Amino acid sequence: MKAWTRPDVPRLAGSGPLPSVYDSSTQTVREAVPSARIEGSPPVASIYVCGITPYDATHLGHAATYLGFDTLIRLWLDAGVEVRYVQNTTDVDDPLLERATRDGTDWRELATSQTDLFRSDMESLRILPPDHYIAVTEVVGEIAAATHDLLVRGIAYPVDSENADQDLYFDSSADSSPWYLGQESRLDRTEMLELSAARGGDPERVGKRDALDPLLWRSEREGEPSWDSVLGRGRPGWHIECSVIALRYLPSPITVNGGGSDLIFPHHEYSAGHAAALTGEPLADIYAHSGMVAFEGEKMSKSLGNLVLVSSLVASGTDPRLIRLALLSEHYRSDWEWTADHLETASVRLTTWTAWAASARPEAVSAETSEGDDTLTAQLRRILSQDLDTPGAVRDVDEWIAAGHSVTPADVAAIDALLGIQLISRTA
Ligand code: 5CA
Ligand code: ZN
């Protein structure tokens, strides 16, 4: 599937340090060291970020999550690292099918229209596109083959269903070390059962070896989309799509597996478990998660409908840079609530920043390539590399301007390359 248009990222003089991010698996902030070796080339940083389920447009929670990982990728690029980025879109799954039925639309049309909207939202926010943007419907055959492999090895098993062929489930206990994200020591079983039920699992289903075992393959049901495969007709379960897409398009183990914190359990636990069962290796070196953005007191979510959409804000005339700047003013890892104040604060800030950028004097050009610890570029590199501290970086720019520093082209380029905010339009 095509991704979206890549924004320009200016190359800065020198290079920044390797970024570190919080790893949910070890519960520590760790340097995101390029981990994968592709034959004949230096190690690359590889990242898989879970994409949207396209049944409603991009809300600010999604935008905040993709912006967090965009920041990480910008820092890798600035450190001179080669990056491979893959994202999926869950274009066939229960919530999407339910929404299409509710609205009397074709599920494919719903997925296509919402994915298109997502692409244009990502473009307007200047978020770097993945190198491979893969829809689940593009890889059903591969998912079936991987599930077949697990079935042959006794790691997947059939469960009878009424009015349909058997479905296939993952035997969590068959994998010698399924707990990649360490959830068994942080959640008790009751919590895991609740999270599984709330997040697409079916702990109540009769016939499973363990109530937590997740679905790998759902056999054909009347009125539901299905594909021919080595397993017969059916469609994939959720977690296996991300394991298979990540393994197919990225060298393994990947450097970072990312998504929002609502994916830690069960989604990332089991996509890591499936991948490990398939390859014998951990899926990722680091499992990184963004916090949840709330609105009107609750997590912003498509199912609750308490959404602020990027496309609506842009359609009503909001400069997308304000949305980006507002999101950057919160740390990617914290849970926070969106309010109108966020845009107002961003608006005041952007006015100050653009006025400062426009005040460049010709003699400042001589400072363009100046390097050293006392430049704005060095400060931004330092603070951002420490667990993507964008609020700190935004404050640093505020303070730099308030301290009376005159602007240089290098400052403007650093704000563009590292924070993705263009202060001077290219055509100006
Ligand atoms: N398609 C699956 C992942 S394979 C999915 O979770 N789709 S989603 O549309 O529900 O979410 C897309 C991404 O946005 C996920 O990484 C999710 O963790 C993140 N996300 C969803 N809601 C919020 C929120 N309120 N705040 C921050 N991130 C969110
Ligand atoms: Zn996923």
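A salt bridge is a side-chain nitrogen of Lys or Arg within 4 Å of a carboxyl oxygen of Asp or Glu. The model on display is predicted, and it holds 26 salt bridges by this criterion. The tour begins with some of them and then turns to a buried serine and two helix contacts.

**Stop 1: Arg233 and Asp228**

Select Arg233 and Asp228. Their side chains form a salt bridge with an N to O distance of 3.2 Å. Arg233 is partly exposed, at 35% relative accessible area, whereas Asp228 is exposed, at 59%. Then add Asp94, Arg218, Glu224 and Arg235 to the selection: salt bridges with shared partners join these four residues into one network.

**Stop 2: Arg119 and Asp116**

Move next to helix α3, residues 107-124. Here the side chains of Arg119 and Asp116 are joined by a salt bridge, 2.7 Å from N to O. The two residues lie about one helical turn from each other, because they are three residues apart in α3. Which class of accessibility does Arg119 fall into? Arg119 is buried, with a relative accessible area of 8%. Its partner Asp116 is partly exposed, at 38%.

**Stop 3: Glu142 and Arg248**

Now display Glu142 together with Arg248, whose side chains meet in a salt bridge of 2.0 Å, N to O. This pair links distant parts of the chain: Glu142 belongs to helix α4 (residues 140-152) and Arg248 to helix α7 (residues 239-249), with their positions 106 residues apart in sequence. Both ends count as partly exposed, Glu142 at 30% relative accessibility and Arg248 at 46%.

**Stop 4: Ser196**

Centre the view on Ser196 in helix α6, which spans residues 189-198. Is Ser196 buried or exposed? Its relative accessibility is 5%, so Ser196 counts as buried. To see what surrounds it beyond four places in sequence, select Gly201, Asp202, Pro203, Leu212, Phe265 and Pro266, with which Ser196 is in contact.

**Stop 5: helices α12 and α13**

Show helix α12 (residues 376-385) and helix α13 (residues 390-402). Their axes come within 8 Å and cross at roughly 160°. Angles over 145 degrees count as roughly antiparallel, and α12 and α13 are therefore roughly antiparallel to each other. The crossing of this pair is right-handed.

For the contact itself, select Leu376, Gln379, Leu380, Ile383 and Leu384 on the α12 side, and Thr390, Gly392, Ala393, Asp396, Val397 and Trp400 on the α13 side. By class, the contact of α12 with α13 comprises seven nonpolar, three polar and one charged residues.

**Stop 6: helices α11 and α13**

Keep α13 displayed and add helix α11, residues 340-358. How far apart are the axes of α11 and α13? They lie 11 Å apart, and the helices pack at an angle of about 55°. That angle makes α11 oblique to α13. The crossing of α11 with α13 is left-handed.

Select Arg349, Thr352, Trp353 and Trp356 of α11, then Val394, Val397, Asp398, Trp400 and Ile401 of α13, to display the residues that make this contact. They divide into six nonpolar, one polar and two charged residues. Val397 and Trp400 of α13 may be highlighted last: they take part in the contact with α12 and also in the contact with α11.

Methods. Residues are numbered from 1 along each chain as its sequence is written. Chains are lettered from A and ligands numbered from 1 in the order in which they are written. This is a predicted model: local features need pLDDT of at least 70, side-chain atom pairs count only at pLDDT 80 or more; totals for chains, interfaces and linings use all residues. Side-chain values use heavy atoms; hydrogens and water are left out. Helices (H or I, at least four residues) and strands (E, at least two) are DSSP runs, numbered from the N terminus. Buried means under 20% relative accessible area, exposed over 50%, partly exposed in between (1.4 Å probe, protein chains only). Axes are lines fitted to C-alpha atoms, for helices over the stretch in contact, and angles run from 0 to 180 degrees between N-to-C directions. Angles under 35 degrees count as roughly parallel, over 145 as roughly antiparallel, 65 to 115 as roughly perpendicular and the rest as oblique. A crossing is left-handed if the near helix is turned anticlockwise from the far one by less than a right angle, and right-handed if clockwise. Contact means heavy atoms within 4.5 Å. Ala, Val, Leu, Ile, Met, Phe, Trp, Tyr, Cys and Pro count as nonpolar, Asp, Glu, Lys and Arg as charged, and the others, Gly among them, as polar.
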